[in-house]
Protein chains: 2
Amino acid sequence: MIIGVVIIKINFKHDVNGQKLVIAVVQDYETSQVLMVAYMNKEALTKTLETGVAHYWSTSRNKLWLKGESSGNTQKVKEIFTDCDMDAVVLKVEQTGAACHEGYYSCFFREFDVEKINENKTDLEDLNENDLKIIAERLFNPEDVYGDK
Amino acid sequence: MIIGVVIIKINFKHDVNGQKLVIAVVQDYETSQVLMVAYMNKEALTKTLETGVAHYWSTSRNKLWLKGESSGNTQKVKEIFTDCDMDAVVLKVEQTGAACHEGYYSCFFREFDVEKINENKTDLEDLNENDLKIIAERLFNPEDVYGDK
């Protein structure tokens, strides 16, 4: 009798510049607020599991990225989940400082003013700043942390 | 004097089969549990804003996808946010039934057993079913909803 073991494969199916990636959604461990969305290649996810600190694949810099390596705003990973088709992960983290390079705790600091956008039938590639409401306060000034670029 | 209005452009920068997309993260409005991750093209996001019901771009079927069109498990959108570089959105929704086509409320029903994976230095493309713990109960049998495919 053969007893089968189901092999499960994390599906690094998202292709950006030839890198094979999963989407990573990052949530605050306590509040479940979504802090950011990023990509991980196999090395980044492996390093995240091994070290307990979030690593991503930077698609803009084309390199492995230890979150917080320049800002100090690291993410201690408490739990990791994957979805039905295993091409995305959710990380629940303890965030040091702020997740967003613009100085906000979460990158999702803008809310759509749905009523206004619908009223004006505004094109989503031609919004003005009043169509999106800033819903959070900055925790730091980006220039203080990353320098004046 | 010219008073400037900052133009903001949702950045449909993710390319899958020639479609320009944003990543959409879907959260339960009450609990903030992440239910699923999907893509939206401009039409899907526009329709979501107009109708208040979540629409996505199906990258497997290459078509606009009203979530719940076959299962009835629609998502009423309560709030929508976008991130710093405006290439991702977070939807807070009231989910009818279950979000996952496998019958779970959330697609993220598997948790990594980090300790075990690290102990065995298991390759992420060669996990076995015991490396991922099922953390939820099925709400429905997929065959009952989608038919026996």
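B:Asp123 is partly exposed, because its relative accessibility is 35% and the partly exposed band runs from 20% to 50%. In this predicted model, the side chain of B:Asp123 meets that of A:Lys42 in a salt bridge, 2.8 Å from N to O. A:Lys42 sits in helix α1 (residues 42-51) of chain A and B:Asp123 in the loop between α2 (114-120) and β10 of chain B, so this pair joins two chains. Much of what follows is about how chains A and B meet.

**Salt bridges between the chains**

- A:Lys42, the partner of B:Asp123, also counts as partly exposed, at 26% relative accessibility.
- Which residue of chain A does B:Lys42 pair with in a salt bridge? That would be A:Glu125, with the closest N and O atoms 2.7 Å apart.
- This pair crosses between chains too: B:Lys42 belongs to helix α1 of chain B, while A:Glu125 is in the loop between α2 (114-120) and β10 (127-128) of chain A.
- B:Lys42 has a relative accessible area of 27%, which puts it in the partly exposed class.
- A:Glu125 is partly exposed as well, with a relative accessible area of 28%.
- A:Glu125 and B:Lys42 also turn up in a network of salt bridges, linked there with A:Asp123 and B:Lys9.
- As a general point, side chains of opposite charge can pair when their charged atoms come close.
- Across the interface of chains A and B, the rule finds 5 salt bridges, and the structure holds 17 over all chains.

**The interface as a whole**

- How many residue pairs are in polar contact between chain B and chain A? The count is 20, with both residues at pLDDT 80 or more.
- On the side of chain B that touches chain A, helix α1 (residues 42-51) of chain B gives the most, with 5 residues.
- Sorted by class, that side of chain B has 31 nonpolar, 10 polar and 12 charged residues.
- In terms of contacts, 53 residues of chain B touch 53 residues of chain A.
- The size of an interface is often given as the accessible area lost when the parts come together.
- Here chain B and chain A bury about 4,900 Å² between them, and 65% of that is on carbon and sulfur atoms.

**Strand pairing across the chains**

- Backbone pairing links the two chains as well: strand β1 (residues 7-8) of chain A and strand β10 (residues 127-128) of chain B run antiparallel, over 2 bridges.
- Which residue in β10 of chain B is the bridge partner of A:Ile8? It is B:Leu127.

**Chain A on its own**

- Chain A has 3 helices and 11 strands.
- Going along the sequence, the order in chain A is β-β-β-β-α-β-β-β-β-β-α-β-β-α.
- The C-alpha trace of chain A spans about 65 × 40 × 35 Å along its principal axes.
- Of the 149 residues in chain A, 47% are buried.
- Take the contacts in chain A with a separation of 6 or more: residues 24 or more positions apart account for 45% of them.

**A salt bridge inside chain B**

- B:Lys78 and B:Glu94 meet through their side chains in a salt bridge, at 3.5 Å from N to O.
- B:Lys78 is in strand β7 (residues 75-82) of chain B and B:Glu94 in strand β8 (residues 88-95) of chain B, so the pair ties together parts 16 residues apart in sequence.
- Both ends fall in the partly exposed class: B:Lys78 has a relative accessible area of 36%, and B:Glu94 is at 34% relative accessibility.

**Around B:Ser71**

- B:Ser71 is found in the loop between β6 (63-66) and β7 of chain B.
- Is B:Ser71 buried or exposed? It is buried, because its relative accessible area of 19% is under the 20% cut-off.
- Setting aside its neighbours within four places in sequence, B:Ser71 is in contact with B:Val145 and B:Tyr146.
- B:Ser71 and B:Tyr146 are 75 residues apart in sequence, yet their C-alpha atoms are 6.6 Å apart in space.
- The side chain of B:Ser71 also reaches the backbone nitrogen of B:Asn73, at 3.1 Å.

Conventions:
Residues are numbered from 1 along each chain as its sequence is written. Chains are lettered from A and ligands numbered from 1 in the order in which they are written. This is a predicted model: local features need pLDDT of at least 70, side-chain atom pairs count only at pLDDT 80 or more; totals for chains, interfaces and linings use all residues. Side-chain values use heavy atoms; hydrogens and water are left out. Contact means heavy atoms within 4.5 Å. Buried area is the accessible area (1.4 Å probe) that two parts lose on being put together, summed over both. A salt bridge is a side-chain nitrogen of Lys or Arg within 4 Å of a carboxyl oxygen of Asp or Glu. A polar contact is a pair of N or O atoms within 3.5 Å; within protein, one must be able to donate a hydrogen and the other to accept it, and residues adjacent in sequence count only if both atoms are side-chain atoms. Helices (H or I, at least four residues) and strands (E, at least two) are DSSP runs, numbered from the N terminus. Ala, Val, Leu, Ile, Met, Phe, Trp, Tyr, Cys and Pro count as nonpolar, Asp, Glu, Lys and Arg as charged, and the others, Gly among them, as polar. Two strands pair if DSSP finds at least two bridges between them. Buried means under 20% relative accessible area, exposed over 50%, partly exposed in between (1.4 Å probe, protein chains only).
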